[in-house]
Every structure is written in structure tokens, then in C-alpha cells.
Amino acid sequence: MNYLRDRNTFVFLFKFLDCRKKGNEIMYATMKNIMIALNKHKKMVLCSGGILLCLVLYILTPRVLMPKPIISNITPSEVMQNCYFNTDKSIVLTGENFGNITGVYVNGVWESGCNIISAADDSLIIRLPESYYNTEGNFSIQVQTKINSDLFAKSNKKVFTVLSDDDIEIPEIKMISPEILSFDGSLFQNLILQGENLTENSIVTINDRKMDTSYDGTFLTVSIPYSEWYLERKLRMHVVQYFAGYPTSIKSIPFYLETKSIYETSNEDEESIVKINHDFMLEYLDALRNEDYIVIFAVKDESSQAMTDEIVAKMNQLGLEKNLYTAGVHRSYIAVLDGYNLIYEDVKSDVLTYDNNELGVSLHIESANFDVGNNSVIQIDGEDYSVNDCGLNIVVYDKKKGSVIDSVCFNTYSGLYLTKN
């Protein structure tokens with residue numbers, strides 16, 4: 001029995017080896033025939049191989065060597081629904097290789113309505129269609145660059161989030177102190193607001209203009225420039241909820257605050273208006289007397305026609321020495337006050353310029369009357385704050401706050417009308 005089993009095993013192995021030998025012979029013969037054929041058509045094979053290699057290199061080389069765009073950051077990365085987070089709702093992408101961007105993808109789909117505002121190698125500014133800003137959700141942003149006429153490459157994905165404004169509570173103004181706003185001799189008057197849902201992100205607007213607002217955990221304190229309300233009998237106030245420094249659509253119902261305005265007459269003839277402007281200018285000059293202020297004056301066009309002895313007297317009380325009333329028609333004028341100290345003052349018929357880097361800020365001032373250029377420049381640390389209107393341009397810098405707090409111009413050619421930035 002064992003003998004038969006061993007014999008069968010031997011026969012099987014013999015046949016397997018014999019088949020393997022024949023298979024090797026067939027394989028060898030096949031390879032030999034292939035080599036003979038390749039050798040016979042050597043040029044054609046080399047040509048085909050070269051074409052195939054070029055095709056592979058054409059496809060792979062740009063993908064390997066050409067850098068793909070990379071998005072590092074999106075600014076802002078989060079916005080509130082229906083929020084005007086900048087003037088044109090643009091988004092800034094920073095990263096690499098943005099120089100040849102051809103399109104933007106949102107959630108993996110090419111967005112034909114996306115506007116590419118500007119592109120540099122390391123930054124890209126885009127604006128999405130309005131519907132995205134009004135829709136709560138997360139949106140993955142990709143950009144596409146063109147490699148050659150046939151190939152494109154996509155960047156990595158970065159998420160842009162639109163939050164729902166339903167989560168923001170509506171503020172309410174319940175009480176304002178003082179109940180009637182009056183001039184207290186300073187450039188700014190403070191109001192304290194009490195109400196509901198007031199937060200550190202609440203900002204007060206007056207007649208739709210944003211005011212300097214602070215929050216102490218309970219109340220809002222708003223600082224109002226006298227030049228904003230001196231002609232107003234009532235002020236329309238809102239509390240607007242902000243997100244990441246930008247106003248949202250969530251705001252209080254309007255609250256109307258009465259004022260003791262300088263504008264107490266219903267007579268709006270020219271003479272009455274000029275008197276109102278004159279009285280306001282006197283009060284305004286009074287309010288400039290503050291040790292924390294750097295006050296800069298620069299005339300454009302004309303400085304004397306609407307001047308009065310009372311205005312000159314107020315300017316003298318500030319520490320200024322020149323008399324613009326008697327200086328003559330078409331005179332340039334520059335003056336700088338640091339608190340109660342006169343730093344510089346000059347008036348003449350030619351162009352005036354003045355520079356100072358010793359007051360904690362860098363000043364560059366120009367005054368040109370009507371005959372020599374008709375211009376006013378008041379630069380602080382390189383930024384021009386002058387209203388650059390006809391008359392006496394005034395800029396007020398608060399040393400404690402480290403910022404410009406007011407910029408106005410009184411038309412000293414006619415009417416003493418006020419304009420401001």
C-alpha cells in the first residue's frame with residue numbers, strides 16, 4: 001500500500017518537472033522571437049519609446065517642478081452673517097504661489113461669481129458672491145493656478161466661516177445720563193448709557209456716526225465731540241452690536257436725546273448763522289486749552305476776512321501770538337501748541353512748512369494761501385489729518401490716547417462755517 005502511494009507521488013513529480021521543462025522551453029522560445037522582432041524593428045521601437053517617454057515627462061514634469069499654490073491663512077476667517085466687515089467684503093488669502101491664479105473653488109465647486117480683486121505671489125484678495133455672506137455655514141476655499149495650456153493645479157483647502165446673527169442679543173437703551181446734553185467747556189462730552197444686552201462689543205452711534213465707546217461691565221460710556229452736535233436739537237442714538245471689530249445688523253431701536261444747542265433761534269438768515277458759527281468757534285477754541293493736547297493750525301486759501309477781535313483774543317488765550325485779523329489778505333499760517341506751550345508760529349505771504357520730531361510724534365505741516373498753492377497739510381506720523389478746506393484747519397492730537405481726536409476747519413474767508421473729517 002505504501003509502495004503504491006510512493007510510486008504515484010514519484011510519477012506526479014516526474015510529470016510536473018517535465019511540464020515545467022517544456023514551459024521553460026516555450027518561454028525561452030517566445031522571448032527569443034520577441035528579441036529577434038525587436039532587433040528587426042529597432043528604429044521603430046526606439047522611436048515609439050521616445051515618444052512615450054516625452055509624453056510621460058510632459059505630464060509629470062510640470063506637476064513635479066511647478067509649485068502648487070498654498071493657502072496659509074484667510075483673513076477674516078470668521079464673519080457674522082449680514083456683517084459689513086470691510087468696505088467691499090473682500091477676503092485676503094496669504095500663502096505662496098498666487099501669481100497665476102485662474103479660479104476659486106468653494107466646497108470643491110468652481111465659483112464663477114468670485115471676483116479676484118488683486119493677486120501677488122504671497123497674497124490674494126477675493127470677493128465671494130453676496131449669497132455666501134448671508135448664509136450660515138463653513139465654506140472650504142481653494143484656488144487654482146494654471147501650469148500650462150492643458151494642466152491646472154489646485155491649492156490646499158482653508159475654511160471660511162459665516163456665523164449666524166441669530167445668536168446675538170438685541171441691545172436696548174433704557175436710560176442716558178445726563179438726560180439733556182449741554183456743552184461743558186471741553187471738546188468732548190461724555191454720556192452714560194444703561195440698558196439691556198450691553199457688552200464690550202456694543203458701540204454707540206449718533207446720527208449714524210460711530211462714537212468712541214467703552215464698557216465697564218454694566219454701563220456704556222460714549223464720548224461725543226462738541227463739533228458733532230452743536231447745531232442739533234436732538235440726537236438719534238443707537239447701540240450697534242459689533243463682531244471682530246465690524247458692525248453687525250443687530251442694533252437697538254433709536255433713542256432720542258435732547259441737547260442745549262447753540263442753535264436756539266428759528267431764524268436761519270445769513271447773519272444769524274454767522275453769529276452761531278462765530279460763537280461756536282469761540283467755544284471750540286476755549287476747549288482746546290488742555291495740557292494733554294497737541295494742537296496744530298494750518299491755513300489754506302484765506303485767514304483774515306471772517307476773523308474778529310474776539311477770535312484773535314481767544315487764540316491769544318491759548319498762547320498764540322500772531323494776529324490773523326490784521327495780518328492781511330491771503331496769508332499762510334502755521335502754529336503748533338503742546339499743551340499750554342507755544343512750539344511754533346508764523347504767518348507770511350509765501351508758502352510755510354514746518355517739521356518736528358521732538359513731541360513724541362513726527363509732524364509735517366504745510367500752509368499755502370490762495371496765491372501760492374492753496375493747500376493745507378497736517379501730517380502726524382506720516383498720515384495727513386487736515387480737512388484741507390478753505391480757512392483755518394485744526395487738528396487735535398491727544399497725548400494720553402496716542403491718537404488724533406478731532407480734525408476741523410473754520411472758513412475764515414466767509415461765514416466761519418465748520419467742516420470736519
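How many aromatic pairs does the count come to? I looked that up to open the notebook, and the count comes to 11 aromatic pairs. A reminder to myself: this is a predicted model.

**Entry: rings**

I started with Tyr-226 and Tyr-230, which form an edge-to-face pair, 6.3 Å centre to centre with 65° between the planes. I noted that the label edge-to-face applies because planes over 60 degrees apart are called that. Next I asked whether these two tyrosines are buried or exposed. Tyr-226 has 3% relative accessibility, so I put it down as buried. Tyr-230 is at 6%, so it goes down as buried too.

Then I turned to Phe-280 and Tyr-284, an aromatic pair that is tilted, with 5.9 Å centre to centre and 50° between the planes. Where do Phe-280 and Tyr-284 sit relative to each other in helix 5? They are four residues apart in that helix (residues 270–287), so about one helical turn separates them. Both Phe-280 and Tyr-284 are buried.

I was pleased to find these two pairs again in one list. Phe-183, Tyr-226, Trp-229, Tyr-230, Phe-280, Tyr-284 and Phe-410 form one aromatic cluster.

**Entry: charges over rings**

Which residue lies over the face of Tyr-105? I found Lys-154 there, 4.0 Å from the ring centre. I also looked at Phe-188, where the charged end of Lys-401 sits over the ring at 5.6 Å from its centre.

**Entry: nonpolar cores**

How many residues does the largest nonpolar core have? I read off 51 residues. Those with the most contacts inside this core are Leu-193, Met-237, Leu-288, Phe-297, Leu-392 and Ile-394. Helix 5 gives the most to the core, with six residues.

I picked Leu-288 for a closer look. Leaving aside neighbours within four places in sequence, Leu-288 is in contact with Leu-187, Tyr-293, Val-295, Phe-297, Leu-318, Ile-394 and Val-396. Among these partners, Phe-297 and Ile-394 also appear in the list of residues with the most contacts inside the core.

Apart from the largest core lies another one, of 25 residues, including Cys-83, Ile-91, Val-162 and Ile-168. As background, nonpolar side chains in soluble globular proteins tend to be buried together.

**Entry: backbone**

A note before the details: most peptide bonds are trans, and most residues other than glycine have a negative phi. I went looking for departures from that.

Which peptide bond is cis, with omega near -5°? That one runs from Thr-75 to Pro-76. Pro-76 lies in the loop between strand 1 (70–75) and strand 2 (78–80). I found a cis bond joining Ser-177 and Pro-178 as well, with omega about 0°. Pro-178 is in the loop between strand 11 (172–177) and strand 12 (180–181).

Then I checked phi. Asn-207 is not a glycine, yet its phi is positive, near 50°. Asn-207 is located in the loop between strand 14 (202–206) and strand 15 (209–210). Its relative accessibility is 27%, so Asn-207 counts as partly exposed.

Asp-381, also not a glycine, has a positive phi of about 50°. I placed Asp-381 in the loop between strand 26 (375–380) and strand 27 (383–384). Is Asp-381 buried or exposed? At 52% relative accessibility, Asp-381 counts as exposed, because the cut-off for exposed is over 50%.

Definitions and conventions
Residues numbered from 1 in each chain as written. Predicted model: local features only at pLDDT ≥ 70, side-chain atom pairs only at ≥ 80, totals over all residues. Heavy atoms only, no water. Phe/Tyr/Trp six-rings, centres within 6.5 Å; stacked < 30°, edge-to-face > 60°. Buried < 20%, exposed > 50% of the residue type's maximum accessible area, 1.4 Å probe, protein only. Helix = DSSP H or I, 4+ residues; strand = E, 2+ residues; numbered from the N terminus. Lys NZ or Arg CZ within 6 Å of the ring centre and 35° of its normal. Core = buried A, V, L, I, M, F, W, Y, C linked by side-chain atoms within 4.5 Å. Contact = heavy atoms within 4.5 Å.
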